[in-house]
Amino acid sequence: MAGYSGSKQDHATRLRRIEGQVRGLQRMVEDDKYCIDILTQVSAATSALKSFSLSLLEEHLAHCVAEATRKGGPEAEAKVKEASDAIARLVRS
């Protein structure tokens, strides 16, 4: 079971909201809106995605990584490495 299973509906709702923001950006470009207004909305969509990713990461750490570390062994090491790599990708973006 995925670590986010309990929040699946909330995550889907957040992603639909973000999808709407991105569609709004597309409409703004098609309607020749002012560049700064578009950039403001890009910033909002980017922040929403970052917030979503941090929430998902927190659930992954609390569920998947914590469970693997309780079991120990190579699986635990792999999960910690996987989480570390995911954090590094988020930090770089």
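I take a residue as buried when its relative accessible area is under 20%, and I keep that cut-off in mind for the entries below. The model I am reading is a predicted one.

**Entry 1: helix α1**

I began with α1, which runs over residues 8-30 and holds 23 residues. From first C-alpha to last I find that α1 reaches 33 Å, close to the 33 Å expected at 1.5 Å a residue. Looking for its buried positions, I noted H11, I18, G24, L25 and M28. I then asked myself what covers the buried residues of α1; the cover includes α2, residues 35-71.

**Entry 2: H11, then V22**

I picked H11 out of helix α1 for a closer look. Its relative accessibility is 6%, so H11 counts as buried. Leaving aside residues up to four places away in sequence, I list Y4, F52, S55, L56 and E59 as what H11 touches.

For another position in helix α1 I looked up V22. Is V22 buried or partly exposed? With a relative accessibility of 44%, V22 counts as partly exposed. I also checked the separation of V22 from T69, which lies 47 residues away along the chain, and noted 38 Å between their C-alpha atoms.

**Entry 3: α1 against α2**

Two packed helices are described by the angle between their axes and the distance between the axes, and I therefore looked up both values for each pair. For α1 and α2, the axes come within 10 Å and cross at roughly 160 degrees. An angle over 145 degrees counts as roughly antiparallel, and this crossing therefore makes α1 roughly antiparallel to α2. I recorded the way α1 passes α2 as a left-handed crossing. When I sorted the residues of this contact by class, they divided into 13 nonpolar, five polar and three charged.

**Entry 4: the loop between α1 and α2**

Most residues other than glycine have a negative phi, and with that in mind I went to D32, which lies in the loop between α1 and α2. Here I found a positive phi of about 55 degrees, although D32 is not a glycine. This residue comes just after α1. At 70% relative accessibility, I enter D32 as exposed.

**Entry 5: α2 against α3**

I turned next to α2 and helix α3, the latter spanning residues 73-92, and noted that their axes come within 8 Å and cross at roughly 165 degrees. That angle makes α2 roughly antiparallel to α3. The crossing in which α2 passes α3 is left-handed. Which residues make the contact? On the α2 side I list S53, L57, H60, L61, C64, V65, A68, T69 and K71, and on the α3 side G73, E75, A76, K79, V80, E82, A83, I87 and L90. By class I enter 10 nonpolar, four polar and four charged residues for the contact of α2 with α3.

**Entry 6: the loop between α2 and α3**

Last, I looked up G72, which is found in the loop between α2 and α3. Its relative accessible area is 27%, and G72 is thus partly exposed. I compared its position with that of S53, a residue of α2 that takes part in the contact with α3. G72 and S53 are 19 residues apart in sequence, and I noted 26 Å between them in space, C-alpha to C-alpha.

Notes
Residues are numbered from 1 along each chain as its sequence is written. This is a predicted model: local features need pLDDT of at least 70, side-chain atom pairs count only at pLDDT 80 or more; totals for chains, interfaces and linings use all residues. Side-chain values use heavy atoms; hydrogens and water are left out. Helices (H or I, at least four residues) and strands (E, at least two) are DSSP runs, numbered from the N terminus. The expected span of a helix is 1.5 Å times one less than its number of residues. Buried means under 20% relative accessible area, exposed over 50%, partly exposed in between (1.4 Å probe, protein chains only). Contact means heavy atoms within 4.5 Å. Axes are lines fitted to C-alpha atoms, for helices over the stretch in contact, and angles run from 0 to 180 degrees between N-to-C directions. Angles under 35 degrees count as roughly parallel, over 145 as roughly antiparallel, 65 to 115 as roughly perpendicular and the rest as oblique. A crossing is left-handed if the near helix is turned anticlockwise from the far one by less than a right angle, and right-handed if clockwise. Ala, Val, Leu, Ile, Met, Phe, Trp, Tyr, Cys and Pro count as nonpolar, Asp, Glu, Lys and Arg as charged, and the others, Gly among them, as polar.
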